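Here is a short tour of one structure, with a look at its enclosed spaces, its surface and its charged pairs. Keep the 3D view open as you read.

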Amino acid sequence: MSIELITVLLVATFVTLLVLGLPLAWTMGATAVIFTVGLFEPSTMFMTMTRVFHMMLNYALVSVPLFVLMGCILEKSGVAEQLFDAVYVWSGRLRGGLAIGTIIACVVMAAMVGIVGAEIVTFGLIALPQMLDRGYDKGLALGCITSGGGMATLIPPSIVFIVYGMTAGVSIGDLFIAGILPGLLLATLFVGYIVISVWLRPHLAPAASEEDRNVPLKKKLRMLQGLIMPALITLAVLGSIYVGIATPTEAAAIGCLGAIISAAMNRRLSWVVISRACYETLWISCMLTWLFFGAQAIIGIYTLAGGATFVKNAIMDLPFGPWGIVIVMQIIWVFLGMFLDWIGILLLTGPMFIPIIQSLGFDPVWFGVVYCMNMHISYLTPPFGPSVFYMASVAPPGINVTDVYKANLPYLWLTFLALAIVCAFPGLSLWLPSLMSG
Amino acid sequence: MKSFLALIDTFNARVGQLTAFIVIPTLFCIFYEITSRYVFSKPTIWASELMIYFCAILYVLGAAWTLQVGRHVKIDMVYARLSLRGQRILDLITFPFFTLYLVMLLWVGLQFAMESIAIHETSGTPWDPPIYPMKSIFVIGCAMLLLQGAAKFIRDIYFVKNGRDL
């Protein structure tokens, strides 16, 4: 059988099973088994098994449950509420201050939590009612929470970077640090957009009330306490990676400790909180790792059949030059993003795309940042926009998915702009990691 | 039959709930390692390796419970539009593929584990602990997943046939 035919049959089997509702992890595995038996001998499964064990006993993979645990504890620790209150009181004077404050709070929270869903749901519950109560425009409120919360993919510690690092074989620490400046760029663009749009159209955000404007300085200073723990946690986690004294896995453990202390300080630490966080961690980790196992199986067998070489030749033969190929890859991602989650896209395209990128002379760390920004875009675009679904799931009645999609349009264009800037100036992502020791 | 299915559910959920707390000793391993490296300048040879085994247990023994609570991601663009009965019928159609994959993992995993036990295989690292418990646990995890899948399969057949839950 020719590799073209194998590719078509493999994709057809994969898509059929997926559409029939078989979970992605089993779809990848079952497709791999069918083609192993069909193309080779069943004993080729031993190679697959070796790959699965290798993945199961992977050092970097340990950081996944730990960062998830950290996020789950923080989510229930009351840190997000304090953070929002503090930012709100300090930005109270500004027109649109609440929306700007939400973006800033999202950035700080994203520097501790690496899961998009957790962040959007948390701020959707805290910030959205406050903004709607004060007469903010519905679109402005929905957009800033969804797009702001979505930045958790890009701002370290992001689970996306961990998986990318494992797939590409590049340092997860480098990826984390590389995401900082592009993340801040995106946040700046968002804040700038809010400032300009409320200035042009004041009806979008009413001026702060007398009460909100005249918060005594003493109270304002007391509110700053809410920023201490988030600042310490971020500093400890990212700082230790940056300075090189801890691996991302160890930094994640430190972050967990910080999260537990925060919860204890807010008197939120209880057996229920810890056990719920542990259960949630198990579910998310098992879901992710069995996807990794399935991906190991299907990528392993496709590579053995000559698929990786085939894809490489097909892409290299495109008459667009290196930058054209980078753009084609991103179009493929955005297309796949209509149906698949970030993890599926990364596990399936990463092993094919990353070697091509390297042979074209691009930096795989930079490509990781580009990947994350693409996923931020795919999270906001129909028909499968997880960020939008998370937001709609906590929005009050009367707000539907379409409202949220529309509200995010301006932020979507800004993300495209930021993506173009990050692509055009690789230094923006690569400068900070280049300063790292070791 | 009903009580047998409930037994599978309870067993997998209990094992999962217990396994979930393995992240706590994992944390202790890391703190121990950090402390001994930076405070006592004596890095351990076992802590970093042990935490990998703890997490491997987490992924493998928690998978069946994750399946039970429906947390393995799927694409539901078509699936979600169907009636409950339609969804159950699709689950019946895809069940053989799930079984194919898991039986294959179980079969190959079993041979890996048996060989590993026979030669008392160790990990080959400086600490060099026996590795066969990890390979055996993988087989147990696959068996748990298959049982959970089979329980769902029987329930789906009953639902499609009788229009109500077993």
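## A cavity between two chains

Helices α2 (23-38) and α3 (47-68) of chain B each contribute at least two residues to the lining of the second largest cavity. This is a predicted model, so please read everything below with that in mind. The full lining of this second cavity consists of Tyr59(A), Glu250(A), Cys29(B), Ile30(B), Glu33(B), Ala47(B), Ser48(B) and Met51(B). Sorted by class, that lining has five nonpolar, one polar and two charged residues.

The space inside the second largest cavity comes to about 30 Å³. Across the whole structure, a search finds two cavities of 30 Å³ or more.

## The largest cavity

What volume does the largest cavity hold? The space in the largest cavity is about 40 Å³. Two elements of chain A, α4 (63-75) and α7 (116-133), give two or more residues each to its lining. The largest share comes from α7(A), with four residues.

If you would like to pick out the lining in your viewer, select Gly71(A), Glu75(A), Met109(A), Val113(A), Ala118(A), Glu119(A), Thr122(A) and Phe123(A). By class, the lining of the largest cavity has four nonpolar, two polar and two charged residues.

## A nonpolar patch on the surface

Now turn to the outside. Val11(A), Val15(A), Val19(A), Val78(B) and Leu82(B) make up a nonpolar surface patch, and together they have about 350 Å² of accessible area.

One of these residues, Val19(A), sits in helix α1 (residues 3-19) of chain A. Is Val19(A) buried or partly exposed? Val19(A) counts as partly exposed because its relative accessibility is 37%.

## Salt bridges within and between chains

Side chains of opposite charge can pair when their charged atoms come close. Over all chains, the structure holds ten salt bridges. Among them is the pair of Lys138(A) and Asp403(A), whose closest N and O atoms are 3.8 Å apart. This pair links distant parts of the chain, with Lys138(A) in helix α8 (residues 138-150) and Asp403(A) in helix α21 (residues 401-407) of chain A, 265 residues apart. Lys138(A) is partly exposed at 37% relative accessible area, and Asp403(A) is partly exposed at 21%.

Which residue of chain B meets Glu250(A) in a salt bridge? The partner is Arg37(B), at 2.4 Å from N to O. Arg37(B) lies in helix α2 of chain B and Glu250(A) in helix α14 (residues 248-265) of chain A, so this salt bridge joins two chains. Arg37(B) is partly exposed, with 23% relative accessible area, whereas Glu250(A) is buried at 3%. You have met Glu250(A) already, as one of the residues lining the second largest cavity.

## A charged network in chain B

Another salt bridge brings together the side chains of Lys152(B) and Asp91(B), at 3.0 Å from N to O. Because Lys152(B) belongs to helix α5 (residues 132-162) and Asp91(B) to helix α4 (residues 84-118) of chain B, the pair ties together parts that are 61 residues apart in sequence. Lys152(B) counts as partly exposed at 37% relative accessibility, while Asp91(B) is buried with a relative accessible area of 11%.

These two residues also belong to a network of salt bridges that links Arg88(B), Asp91(B), Lys152(B), Asp156(B) and Asp165(B).

Key:
Residues numbered from 1 in each chain as written. Chains lettered and ligands numbered in written order. Predicted model: local features only at pLDDT ≥ 70, side-chain atom pairs only at ≥ 80, totals over all residues. Heavy atoms only, no water. 1 Å grid on protein atoms, 1.4 Å probe; cavity = no way out; pocket = protein on both sides within 12 Å on 5 of 7 lines; lining within 4 Å. Points joined across faces, edges and corners; volume = space filled by probe spheres on them. Nonpolar A, V, L, I, M, F, W, Y, C, P; charged D, E, K, R; others polar. Patch = residues over 30% accessible without salt bridge, like charges linked within 9 Å, V, L, I, M, F, W, Y side chains within 5 Å. Areas by Shrake-Rupley, 256 points an atom, 1.4 Å probe, with all protein chains shown as cover. Salt bridge = Lys/Arg side-chain N within 4 Å of Asp/Glu carboxyl O. Buried < 20%, exposed > 50% of the residue type's maximum accessible area, 1.4 Å probe, protein only.
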